Amino acid sequence: MCGIVGYIGHRDAYDVVIKGLKRLEYRGYDSAGIALYDGEALKVCKTKGKVVDLEKKVQESITSNGSIGIGHTRWATHGQPNDTNSHPHLSNSGNLAIIHNGIIENYDSLRKELKKRGYTFQSDTDTEVLVNLIEDVIKNEGVKLGKAVQIALNQTVGAYAIAVFDKRKPDEIVVARLGSPLAIGIGDNEYFIASDASPFIAYTNNAIYLEDGEMAVVRHGKEVKVRKILNDSEVDAYVQELQLNLEQIEKGGYEHFMLKEIYEQPNAIRDTYRGRLLADKGIIKMAGVDDNLDRISKANRILIVGCGTSWHAGLVAEYIFEDMARIPVEVEYASEFRYRNPVITENDVVIAISQSGETADTMAAIKLAKEKGAFVFGVCNVVGSSISRETMAGAYTHAGPEIGVASTKAFTTQITVLTLMALKLGKYKGTISASDFRLHLQALEAIPQKVEKLLQSDKVIKEIAETYKNTRNCIYLGRGYNFPVALEGALKLKEISYIHAEGYPAAEMKHGPIALIDEEMPVVVIAVRKGHYEKVVSNIQEIKSRKGKIISVVTEGDTEVKELADHVIEIPETIESFTPLLTTIPLQLLSYHIAVMLGKNVDQPRNLAKSVTVE
């Protein structure tokens, strides 16, 4: 959430910043703004709405010249999304401009103290409090901007990524982070600042990622100096070469990023197991697991923490780990786990799952688990992210950038990584036979090709979407491995079409939700010919007798469910534990097509953010 972009150099800062903000639109936001300095005046323009609205307002209200600039896309926390609360914010003197991602928790007490000193506030934001606190430090202590930022941040409580500049020193931007990501792109006599690398990948492949509790003075014509916020000690900054290209973050001919990412799943799954899954040799190679195999295999239990789609992937993993490795598993919402004083011991293994690697609740859960002595393993997609650095070991999903706010390939690649991990543990412990192990490897290797085949059903799914696009409610049912897929399918429909949907274990329908069934209620039932197939067929008959509309996801060649269902989507045959990698695909497409038909903003759903870096 919230996107930060900044630039100092020889280019037109406005052009760089606006393009950068567009690269960050995937994060989710409700307003946007920009501040530019042209050598004479500090010009600020901001507005509720999208970056395209900001562009129009800039053309109408300010000149866009300047070689230094900062820009922001805001996801509202303190104060409504409107022009006044949008970033950047200026200090009372008008000298300082700031953009901020995160929350200053003690902003109210700081605000009251600053008011006593004569400061006034135009907005409801915590950010305007911070910029005036920095100005107050400059006035009272006679220090430069960088030192003032450090002193001010040591008086704040909360999370932040900030970029600040002073029009009286227009050759530098001061940046800092605690809990929210921030990267510095290093070009040829120019610097870029952003929440992630996507805004500057077209200009440079070299970047410094600030660690928590670090700040930097980015000065034109000089090397970047990174220091600790707490004690001002200098940090030896590591310049990282980015493994990202422009094509990965563009639509590539697809109408939406979400559709592109749905269709990228065959390659994303292949990339996730590439080099790890050696089916012909009967081997799984995972450095993060290999190096800690004894510790993980002897765990009394595995605790999996995540939020949203990552939590659903964890639920699938619970079935897989318990079945293959015979280790007890508990799956927790990270947002609840961190606050409920959980019982954690040194004999526990905690697996933290996050697409972005920056999820605030999951980061807090990791820190809590480490304090209790547990071994913490991370599963995330973004190289160099906070979770990848905080955990003791881990595995990247290698899904490539996921720009659409509603996760698709993140889900299937997370399941792939966790499956590889469970299989490796099972083989090491002897809880899965050698023949079953090889059978699973071969079946997993075949999944991408089966996903490709399944994507050919898009036309059928689009026709189903046309039938149900105006429904107001929907129920999703699944059993066993596919119960979490029912939850994920319902989440996708809610996220991008704003249609109310709920997922349930199929057997739980008669314990309450069946009261909702009538001729107006579509029910999506995952009824693959694995596991408790006959029981699911009985549930379908219960729905049919109450005139519910049935959309079924079945195994190829199924005849029994076809006779009962109003609509059928077939998936290729596979091992039961791998069916979630297939059954989720048609549910993603169904949600996508319904949302498009309703005219919704599929890639940027209202009120949602891609990377939730605040509580």
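**Strands, sheets and helix packing in a predicted model**

Me: In this predicted model, how many of the 6 residues of strand β18 (residues 301-306) are buried?
Reply: Strand β18 is largely enclosed by the rest of the structure, because its burial count takes in 6 of the 6 residues. Burial here means under 20% relative accessible area. The number asked for is therefore 6.

Me: Which residues of β18 lie on the side opposite Arg301, Leu303 and Val305, and are they buried or exposed?
Reply: In a regular strand the side chains alternate between the two faces of the sheet. In β18 both faces are covered, with Arg301, Leu303 and Val305 buried on one side. The residues on the other side are buried as well, namely Ile302, Ile304 and Gly306.

Me: Which residue of strand β19 (residues 329-333) is the bridge partner of isoleucine 304?
Reply: β18 pairs in the parallel sense with strand β20 (residues 348-354) over 5 bridges, and there isoleucine 302 stands opposite valine 349. β18 is also joined to β19 by 5 bridges, and these strands run parallel. In β19, the partner of isoleucine 304 is valine 331.

Me: Which strands stand at the edges of the open sheet β24-β23-β25-β26-β27?
Reply: This sheet has 5 strands in parallel pairing, in the order β24-β23-β25-β26-β27. Two of them each have a single partner strand, so one side of each is left without a neighbour in the sheet. These edge strands are β24 (500-505) and β27 (567-571).

Me: What angle does the direction of helix α18 (residues 483-497) make with that of β24?
Reply: Neighbouring strands of the sheet are turned by 15° against each other on average, direction ignored. Helix α18 packs on this sheet, touching β23 (473-478), β24 and β25 (522-527). Its direction and that of β24 make an angle of about 175°.

Me: Which residue of β27 is the bridge partner of isoleucine 551?
Reply: Strand β26 (residues 549-555) and β27 run parallel and are joined by 5 bridges. Within β27, isoleucine 551 has as its partner histidine 567.

Me: Where does the chain take a positive phi in the turn between β2 and β3?
Reply: Strand β2 (residues 31-37) and β3 pair in the antiparallel sense over 7 bridges, with alanine 35 opposite valine 44. Strand β3 (residues 42-48) is largely enclosed by the rest of the structure, because 5 of its 7 residues are buried. The two strands form a hairpin with 4 residues between them, and the positive phi, about 100°, belongs to glycine 39.

Me: How many of the 21 residues of helix α14 are buried?
Reply: Helix α14 (residues 409-429) reaches 30 Å from its first C-alpha to its last, close to the 30 Å expected at 1.5 Å a residue. Just after it, glycine 430 takes a positive phi of about 80°. The helix is mostly covered, and its number of buried residues is 18.

Me: Are α7 and α14 roughly parallel or roughly antiparallel to each other?
Reply: Helix α7 (residues 265-273) packs against α14 with axes 9 Å apart and an angle of about 30°. Residues of α7 including Ala268 and Thr272 meet residues of α14, among them Thr416 and Leu420, and the crossing is right-handed. Angles under 35 degrees count as roughly parallel. The relation of α7 to α14 is therefore roughly parallel.

Me: Which residues does valine 235 touch, not counting those up to four places away in sequence?
Reply: Valine 235 is in strand β14, which belongs to an open antiparallel sheet of 7 strands in the order β5-β6-β7-β8-β12-β13-β14. β14 (234-235) stands at an edge with a single partner strand, so one side is left without a neighbour in the sheet. Strand β13 (residues 225-228) pairs with β14 over 2 bridges, and valine 226 is the partner of valine 235. The contacts of valine 235 are Glu214, Val226, Arg227 and Lys228.

Me: How far apart are the axes of α4 and helix α5 (residues 145-153)?
Reply: The two helices pack at an angle of about 120°, which makes α4 oblique to α5. Their crossing is right-handed, and residues of α4 such as Leu130 and Ile134 meet residues of α5 including Leu145 and Val149. The separation of the axes is 8 Å.

Methods:
Residues numbered from 1 in each chain as written. Predicted model: local features only at pLDDT ≥ 70, side-chain atom pairs only at ≥ 80, totals over all residues. Heavy atoms only, no water. Pairing = 2+ DSSP bridges. Axes fitted to C-alpha atoms, helices over the stretch in contact; angles between N-to-C directions. Contact = heavy atoms within 4.5 Å. Expected span 1.5 Å × (residues − 1). Buried < 20%, exposed > 50% of the residue type's maximum accessible area, 1.4 Å probe, protein only. Parallel < 35°, antiparallel > 145°, perpendicular 65-115°, else oblique. Left-handed = near helix turned anticlockwise from the far one by under 90°.
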